[in-house]
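Subject: Structure handover

Hello,

Here is the structure for your files. Please look it over before reading my notes below.

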Amino acid sequence: MTTTAALRIGLFGFGTVGQGLYDVLRRTPSLRTEIARICVRDRYKQRAAPARMFTIDRDEILDDPDVDVVVELIDDPEAAFDIVSRALESGKAVVSANKRMIASRLPQLLALQHRTGMPFLYEASTCGSIPIIRNLEEYYDNDLLQCVKAIVNGTTNYILTALHSPQSGGYHEALANAQRLGFAESDPTLDVEGYDAAFKTTIIAAHAFGVVLNPSQVVRRGITAVTPFDVSVAQQLSCSIKLLSTVQLQGDSLSVLSLPAFTPNGQHLATIQHEMNAVQLTAAFSDAQLLVGKGAGGSPTASAVLSDIAAIRHSYRYEYKRMQQPVLPRVDHGIVVGVYARATETILREVPFRSIEIDHRSSAGNYVIGHVRLDELQRCTAFLDPTAFIAIMQQK
Ligand SMILES: NC(=O)c1ccc[n+]([C@@H]2O[C@H](COP(=O)([O-])OP(=O)(O)OC[C@H]3O[C@@H](n4cnc5c(N)ncnc54)[C@H](OP(=O)(O)O)[C@@H]3O)[C@@H](O)[C@H]2O)c1
């Protein structure tokens, strides 16, 4: 790809991120890009761009030999996979933000990149504006990375922040406010049940430790069961509840979780408020480092897409260096972790505690804090019970 000619972009999607990218590209002429065509679903919607740019026929982009880069920003993961595959097969570079599609189809996407030799970049898929994937690929490549711990979902962080306020009206009010402010979608299931976080955790595990997982292998729970009682217990213990994605290497074993966590208030991740995202990287020699930024929204997400487009101009591609290590870590959830479990008497009895530190019973709520093996916790009925709240205890 030359560095002088204008890069011709075929854009799929003109929603929050697609429109954000359109605006951002118009404000960065130095990148020398030109949007050749924009493919959308609805032919009749009013658009904040000239009508002649739009099409509902994906082939107008995919079959156009003058389109250099396909930027896929649609909300349908199946259609997105089809578009990305066909674009790569046609010799086009591709940029995407679709974490669900990428996390669920990583083996096929790796094979496609290998077979076609074309770059496929997706910085915006994980933590929006935070440059985490390229940092994992390049900067941490020669350091002994031990752990990535992150707040990767702005909706749940917004809700949890609201629940810690003395004026909080509870989970449903916080969710309704998040929806009113545009942080949460009308169907917020993927966010509040932790699926979105699990998709991003899968992508982080691939780039940080070279391990390709199905998102279902992430130990996952969302925040829908959290109550003001749980928040008050956390606060009494000088902690804040956060939905934390953790990918941790111990020896050659890797644990991959996305779970609510009692996070000590002295730790950086406990201070991340509202819809912000943050990634804490711990490596052998650099110790802990923190990246903080906006994880969603039109312009912040578009800024990561823009950075990928600029990288493609310089022939950048992911090398997935961690996947080429002689010995890859194996996923092992047999680790013992500290856990807070609040549930009915009957359900609490099902939690396979190996040791108990606090066993609390009151009319306000019953909870136990103790230690369990993560794989045993994951299999117990309490873990699946929608009314029980389970959180990992982060070490002080
Ligand atoms: N929103 C964020 O802050 C954010 C952050 C990070 C990553 N992402 C990811 O970025 C992607 C886009 O998100 P978004 O929030 O911008 O979505 P959105 O606002 O819902 O917009 C989706 C766009 O995709 C178009 N579309 C849907 N199916 C299509 C198809 N089969 N062919 C062509 N166009 C199609 C829609 O067309 P119509 O306009 O005609 O309906 C719409 O323009 C998603 O993968 C999302 O997970 C979003």
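The notes start with the whole chain and then turn to one helix.

This is a predicted model: local features need pLDDT of at least 70, side-chain atom pairs count only at pLDDT 80 or more, and totals for chains, interfaces and linings use all residues. Residues are numbered from 1 along each chain as its sequence is written, and side-chain values use heavy atoms, with hydrogens and water left out.

Overall

The protein has 15 helices and 17 strands (DSSP runs, H or I of at least four residues for helices and E of at least two for strands, numbered from the N terminus). Its radius of gyration, taken over C-alpha atoms, is 22 Å, which agrees with the value near 21 Å for a compact globule of 396 residues; that rule is 2.2 Å times the number of residues to the power 0.38. Of the 396 residues, 54% are buried, meaning under 20% relative accessible area with a 1.4 Å probe, protein chains only. Among contacts (heavy atoms within 4.5 Å) with a separation of 6 or more, 72% join residues 24 or more positions apart.

Helix α7

Helix α7 (residues 154-163) is largely enclosed by the rest of the structure, because nine of its 10 residues are buried. Those buried include Y158, I159 and L160. Their cover includes strands β7 (145-151), β9 (239-250) and β11 (276-283), along with helices α8 (171-180) and α11 (228-236). At the N-terminal end of α7, N153 acts as a cap, with a side-chain oxygen 3.2 Å from the backbone nitrogen of T155.

Regards

Conventions: Buried < 20%, exposed > 50% of the residue type's maximum accessible area, 1.4 Å probe, protein only. Polar contact = N/O pair within 3.5 Å; in protein donor to acceptor, adjacent residues only side chain to side chain.
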